[in-house]
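Colleague: Could you take me through the ligand site in this model, and then the helix that lines part of it? I'd like a close look, in plain words.

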Amino acid sequence: MQEKNTKLAIVTGGGSGIGLAITEKFVAHNIRTIIIGRDRQKLDAAKDRLGALCIPVAADLSDLGAIPALVQDITTRYGRIDILVNNAGINLKKPFTEVTDQEFQQILLTNLTAVFALSREVVKQMAHSGSGAIINISSMAAQYGIPKVIAYTASKSAIEGMTKAMAVELSPQGIRVNCIAPGFIATDMSAKALDNDPERKQKVLSRTPMGMLGAPADIGDAALFLAGDAARYITGVVLPVDGGNSIGF
Ligand code: NAD
């Protein structure tokens, strides 16, 4: 059960990259954080590093049918859920005409439908306590057009629309819903997209006024802010954390 004054968060994809950095910030601020991911080893390594406030749960969120029982189990074990960060995501870099229907659906399933299904179940729990904060993770792909990421762009654009719809519908229940749009952050995902494509990397850096990639911890700081009481009057926003990339010339 929950100790007094310790909030409970769920961070999906919390075993690596941005999700791990968000978890680090949460744990450092005494937030008990359940990290959901597919890779048990990565999750366990995160727990070894972060200690008792980090709780690994191995699950594949694209298995939508398993989500209600997963959330029920978390609630039964740990009590009420205060914060949900929908961070897990996958990317597919491929020319538009080569993307199959199946690949498109797979990206949408993980990046969008699973976010909906998990949020729906968590909101049912948050509604009991009359409070909660949900943070969705979008991308620069939803701020302007990026070639060769059609499915990813569709999923992230939908996340931003869903953030606003959730924010208005859930406000009366005391639940705030916001979105972070990370710029180009140094993680495995961005390495895969940029390291073998110097032209793309140059393009990214040249339109980022601050002239560098971000660190996962930059997103962690923003998530900590949006999840906490300092953001109590903020809902429905999309916050770019991007070194100016989204407004760069
Ligand atoms: P990452 O690949 O390091 O992390 C993604 C995490 O999601 C992994 O831990 C993975 O196991 C998990 N995941 C994927 N599919 C899952 C599933 N079906 N079930 C459970 N877990 C699953 O990538 P990252 O760069 O840390 O990305 C995190 C989020 O940030 C993603 O939503 C991504 O789209 C977004 N983002 C990243 C960047 C960037 O530059 N790195 C930029 C914009 C947005």
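Modeller: Let's start at the ligand: a backbone N or O atom of Leu 61 lies 2.9 Å from one of the ligand's nitrogen atoms. A backbone N or O atom of Ile 185 sits 2.8 Å from a ligand oxygen, and a polar side-chain atom of Ser 16 is also 2.8 Å from an oxygen atom of the ligand. For a polar contact, I take a pair of N or O atoms within 3.5 Å; within protein, one must be able to donate a hydrogen and the other to accept it, and residues adjacent in sequence count only if both atoms are side-chain atoms. Taken alone, the ligand exposes 820 Å², and the protein buries 93% of that (Shrake-Rupley method, 1.4 Å probe; for residues, only the protein chains shown count as cover).

Before going further, a word on the ground rules. This is a predicted model, so local features need pLDDT of at least 70 and side-chain atom pairs count only at pLDDT 80 or more, while totals for chains, interfaces and linings use all residues. Residues are numbered from 1 along each chain as its sequence is written, and side-chain values use heavy atoms, with hydrogens and water left out.

Back to the shell. It has 27 residues, and Ile 18, Asp 60, Asn 87, Tyr 152 and Thr 187 come nearest (a residue is near if one of its heavy atoms lies within 4 Å). By type, the shell divides into 11 nonpolar, 13 polar and 3 charged residues; here Ala, Val, Leu, Ile, Met, Phe, Trp, Tyr, Cys and Pro count as nonpolar, Asp, Glu, Lys and Arg as charged, and the others, Gly among them, as polar. Helix 1 (17–28), helix 5 (150–170) and helix 6 (188–194) each give two or more residues to that shell. Helices (H or I, at least four residues) and strands (E, at least two) are DSSP runs, numbered from the N terminus.

Now helix 5. Its buried residues (under 20% relative accessible area; exposed is over 50%, partly exposed in between, with a 1.4 Å probe and protein chains only) include Tyr 152, Ser 155, Lys 156, Ile 159 and Glu 160. The buried residues of helix 5 pack against helix 4 (101–129), strand 5 (132–137), strand 6 (175–182), helix 6 and strand 7 (238–241), with contact meaning heavy atoms within 4.5 Å.

Just ahead of the helix, Lys 148 lies in the loop between strand 5 and helix 5. Phi of Lys 148 is near 70°, a positive value in a residue other than glycine, and Lys 148 is partly exposed, at 43% relative accessible area.
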